Amino acid sequence: MPRIGIIVGSIAEASINRKIARILPSLASDVEFVDIDIAKLPLYDYGLDGDWPAVATEFKEKVESVDGIIIVTPEYSRSIPGALKNAIDWASRPWGQNSFNGRPVAIMGASISPAGTAMAQQHLRNILAHSDAPTLGQPETFFHYRADAFGADGSLQDEPQLAVLTNFVEAAVAHIERNARVAAHA
Ligand SMILES: Cc1cc2nc3c(=O)[nH]c(=O)nc-3n(C[C@H](O)[C@H](O)[C@H](O)COP(=O)(O)O)c2cc1C
């Protein structure tokens with residue numbers, strides 16, 4: 001059974017991306033999902049290498065404990081939020097110990113705009129390419145968030161949007177299983 005981490009790129013309490021990330025585990029069976037929190041990470045400073053705060057060590061260990069990662073990110077100012085970039089910087093260090101190296105990643109994002117985080121996701125692909133993390137190509141999932149599509153319990157009522165998320169999760173799990181196998185035999 002694959003173990004898949006979920007990172008939400010937003011640290012906002014009311015994050016719409018977190019709302020969607022909470023739905024994803026119900027759309028896949030035989031997968032262990034692990035929440036990888038980035039909210040409490042301080043800003044990365046290479047002066048701390050060798051004496052990392054516990055929260056950063058725990059974050060890095062969690063990234064390394066999973067077969068692959070799903071990132072659900074908002075778009076802030078036409079890129080990814082600083083908090084997400086900061087988390088990837090922590091995971092990429094100390095130099096030579098990049099935790100994303102070879103670890104498969106699938107990305108999606110939700111926005112209140114119809115553009116649906118398309119530009120942020122392109123930036124994220126660049127960053128992950130540098131980290132040598134194989135990213136899922138298709139389906140690109142640019143989720144246009146509408147509050148009226150959700151029930152009071154947080155469930156997504158819009159069937160076509162639910163189908164989009166299901167399609168994404170199925171492809172993400174297959175991508176992670178395939179690439180984790182390749183990494184294990186490398
Ligand atoms: C600082 C900031 C910048 C934003 N920039 C964009 C943007 O470039 N493109 C976009 O579609 N939405 C943008 N938005 C609106 C977000 O889509 C919206 O706030 C959404 O709720 C963010 O996701 P989150 O709730 O998961 O943090 C921005 C929001 C903030 C707070």
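Mentor: Let's start at Pro-94, which sits in the loop between H3 and S4. Keep in mind that we're looking at a predicted model.

Trainee: What kind of peptide bond joins Arg-93 and Pro-94?

Mentor: A cis one, with omega at about -5°.

Trainee: Which other proline follows a cis bond, the one coming from Gln-138?

Mentor: That's Pro-139, where omega is near 5°. Pro-139 lies in the loop between H4 and S5.

Trainee: What makes a cis bond worth pointing out?

Mentor: Most peptide bonds are trans.

Trainee: What makes Ser-77 stand out in its backbone?

Mentor: Ser-77 has a positive phi of about 50°, although it is not a glycine. Most residues other than glycine have a negative phi, so a positive one catches the eye. You'll find Ser-77 in the loop between S3 and H3.

Trainee: Where is Thr-117, and what is its phi?

Mentor: Thr-117 is in the loop between S4 and H4. Its phi is positive too, about 75°, and Thr-117 is not a glycine.

Trainee: How do you know whether Ser-77 is buried or exposed?

Mentor: Set its value against the cut-off: exposed means over 50% relative accessible area. Ser-77 has 77%, so Ser-77 is exposed.

Trainee: And Thr-117, buried or exposed?

Mentor: Buried means under 20%. Thr-117 has 1% relative accessibility, so Thr-117 counts as buried.

Trainee: Why is Ser-99 called buried?

Mentor: The limit is again under 20%, and the relative accessible area of Ser-99 is 1%, so Ser-99 is buried. Ser-99 lies in the loop between H3 and S4. Leaving out residues up to four places away in sequence, Ser-99 touches Lys-60, Val-63, Glu-64 and Ala-91.

Trainee: Why does Ser-131 count as buried?

Mentor: Try the step yourself: Ser-131 has 5% relative accessibility, and buried is under 20%. So Ser-131 counts as buried. Ser-131 is in the loop between H4 and S5.

Trainee: Which residues is Ser-131 in contact with?

Mentor: Ile-88, Asn-98, Phe-100, Asn-101 and Gly-102, once you leave aside neighbours within four places in sequence. To be called a contact, heavy atoms must be within 4.5 Å.

Trainee: What about Val-72 in strand S3: why is it called buried?

Mentor: Val-72 has 0% relative accessibility, so Val-72 counts as buried. Beyond residues up to four places away in sequence, Val-72 touches Ile-6, Ile-7, Val-8, Gly-9, Asn-17, Ala-21, Leu-24 and Met-108.

Trainee: Which residues of helix H3 are buried?

Mentor: Leu-84, Asn-86, Ala-87, Ile-88, Trp-90 and Ala-91. These buried residues pack against S1, H2, S3 and H4.

Trainee: What makes a group of residues a nonpolar core?

Mentor: The members are buried residues of the nonpolar kinds, joined through side-chain atoms within 4.5 Å. The largest such core here has 30 residues, and those with the most contacts inside it include Ile-20, Phe-143 and Leu-165. S1, H1, S3, S4 and H5 each give two or more residues to this core, and H5 gives the most, with 7 residues.

Trainee: Which residues does Leu-165 touch?

Mentor: Not counting residues up to four places away in sequence, Leu-165 touches Ile-20, Ile-23, Leu-24, Leu-27, Met-108, Phe-143 and Leu-156. Apart from this core lies another, of 27 residues, among them Ile-7, Ile-80, Ala-91 and Ile-127.

Trainee: Stepping back, how many helices and strands are there?

Mentor: The protein has 5 helices and 5 strands, and along the sequence they follow the pattern β-α-β-α-β-α-β-α-β-α.

Trainee: How do you know how compact the protein is?

Mentor: Put two values side by side. The radius of gyration is 16 Å, close to the 16 Å that the globule rule gives for 186 residues, so the protein is as compact as a globular protein of that length. As for burial, 48% of the 186 residues count as buried.

Trainee: What share of the contacts with a separation of 6 or more comes from residues 24 or more positions apart?

Mentor: That share is 78%.

How values were computed. Residues numbered from 1 in each chain as written. Predicted model: local features only at pLDDT ≥ 70, side-chain atom pairs only at ≥ 80, totals over all residues. Heavy atoms only, no water. Helix = DSSP H or I, 4+ residues; strand = E, 2+ residues; numbered from the N terminus. Rg over C-alpha atoms; globule rule 2.2 N^0.38 Å. Buried < 20%, exposed > 50% of the residue type's maximum accessible area, 1.4 Å probe, protein only.
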